[in-house]
Amino acid sequence: MTQHREPHAPHDHGHAHGDGTEPDWARLAPLLERQAEVAGAAYREAAAWIGTLVPVIGVRRLLDVGSGPGVVTALLAEAFPYAEAVAVDGSPELLERARARAEAQGLGGRVSTLRAELPGETASLGETDLLWAGNSLHHIGDQRAALAEFAKLLRPGGLVALVEGGLTPRHLPRDIGIGRPGLEARFDAEHAESFARMRSELPGATREPDDWRAMFRSAGLTPAGTRTFLVDVPAPVPPVVRELAVAHFGRLRENFGDRLGAEDRATLDRLLDPADEQSLHHRADLFHLTAHTVHTARKG
């Protein structure tokens with residue numbers, strides 16, 4: 001299981017493709033890193049909030065389950081300075097980038113990596129005071145069972161923090177002056193179908209309402225609060241956000257292009273054409289707005 005960091009596609013998180021092949025992590029990793037960096041302020045705010053729910057000095061080991069290239073692992077290590085922070089992922093390429101990032105930020109002595117495929121190897125992760133799972137639990141077929149296994153890893157008083165849900169990213173106004181208004185809203189419908197399809201094809205897939213408080217309780221945990229953290233980059237955006245928007249819309253064209261109407265396909269092609277003045281490469285109205293919801297629960 002690899003975390004969500006495929007740029008901006010909320011339900012296409014960089015896992016194995018439908019044909020069983022693995023993504024090209026060497027190509028995707030830089031974009032995954034930049035996506036998490038753009039959301040860095042929101043993740044720092046979330047980490048500070050978690051620090052009010054569990055004593056910072058009491059967190060001696062934390063797991064970032066589905067860490068990707070380790071951007072959030074490093075942020076958590078900074079927020080919990082007494083902890084060993086462990087980046088857990090199934091991709092050795094991404095874990096190598098997590099190690100390099102930790103070293104570059106002077107955190108190499110406290111950040112380690114662990115390659116593991118979940119749910120089968122959950123027990124190998126070891127005990128922890130804080131378990132962070134960012135947009136990764138929904139890539140396990142039986143989420144309720146996986147959460148119960150997470151609970152077993154928590155030490156008494158330990159906390160689990162799940163990043164699940166929030167708001168789908170928005171980059172453009174409803175009416176962009178070309179094509180039919182509401183393009184991104186129509187992408188949402190495609191995302192919803194794609195997400196449902198992904199869930200149904202997972203090993204051991206079990207349909208589960210997104211009632212995280214109920215699932216926490218079924219795992220023997222006590223819900224400790226839910227908060228949503230905003231990522232708001234208004235127009236005009238810096239080059240990194242423009243680059244990520246182009247990557248996001250490129251993935252939409254690749255994944256959903258054949259299911260879109262002819263007018264929407266034409267609009268999307270114009271948005272991706274750097275020679276077109278209406279493209280994402282030139283638009284002055286491009287922005288980035290999304291939100292990440294963090295659900296927490298305590299053991300004991």
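**A tour around helix H1**

Select helix H1 and helix H8 together: H1 passes H8 in a left-handed crossing. Keep in mind as you look around that this is a predicted model.

To pick the pair out, choose residues 25-38 for H1 and residues 239-256 for H8. Now turn the view until you can follow both axes; they come within 10 Å and cross at roughly 125°. That angle is neither over 145 nor between 65 and 115 degrees, so H1 and H8 count as oblique to each other.

Next, show the side chains where the two helices touch. On H1, pick Leu31, Arg34, Gln35 and Val38. On H8, the partners are Val240, Val241, Glu243, Leu244 and Ala247. Colour this set by class and you'll get 6 nonpolar residues, 1 polar and 2 charged.

Done there? Keep H1 on screen, hide H8 and bring up helix H4, residues 92-104. Here the axes are 10 Å apart, and the helices pack at an angle of about 50°. H1 is therefore oblique to H4. What is the handedness of the crossing as H1 passes H4? This one is right-handed.

Last stop: the side chains between H1 and H4. From H1, select Trp25, Ala29, Pro30, Leu32, Glu33 and Glu37. From H4, add Glu93, Leu94, Arg97 and Arg101. Colour by class again: the contact of H1 with H4 has 5 nonpolar and 5 charged residues, with no polar ones.

Note on methods. Residues numbered from 1 in each chain as written. Predicted model: local features only at pLDDT ≥ 70, side-chain atom pairs only at ≥ 80, totals over all residues. Heavy atoms only, no water. Axes fitted to C-alpha atoms, helices over the stretch in contact; angles between N-to-C directions. Helix = DSSP H or I, 4+ residues; strand = E, 2+ residues; numbered from the N terminus. Parallel < 35°, antiparallel > 145°, perpendicular 65-115°, else oblique. Left-handed = near helix turned anticlockwise from the far one by under 90°. Contact = heavy atoms within 4.5 Å. Nonpolar A, V, L, I, M, F, W, Y, C, P; charged D, E, K, R; others polar.
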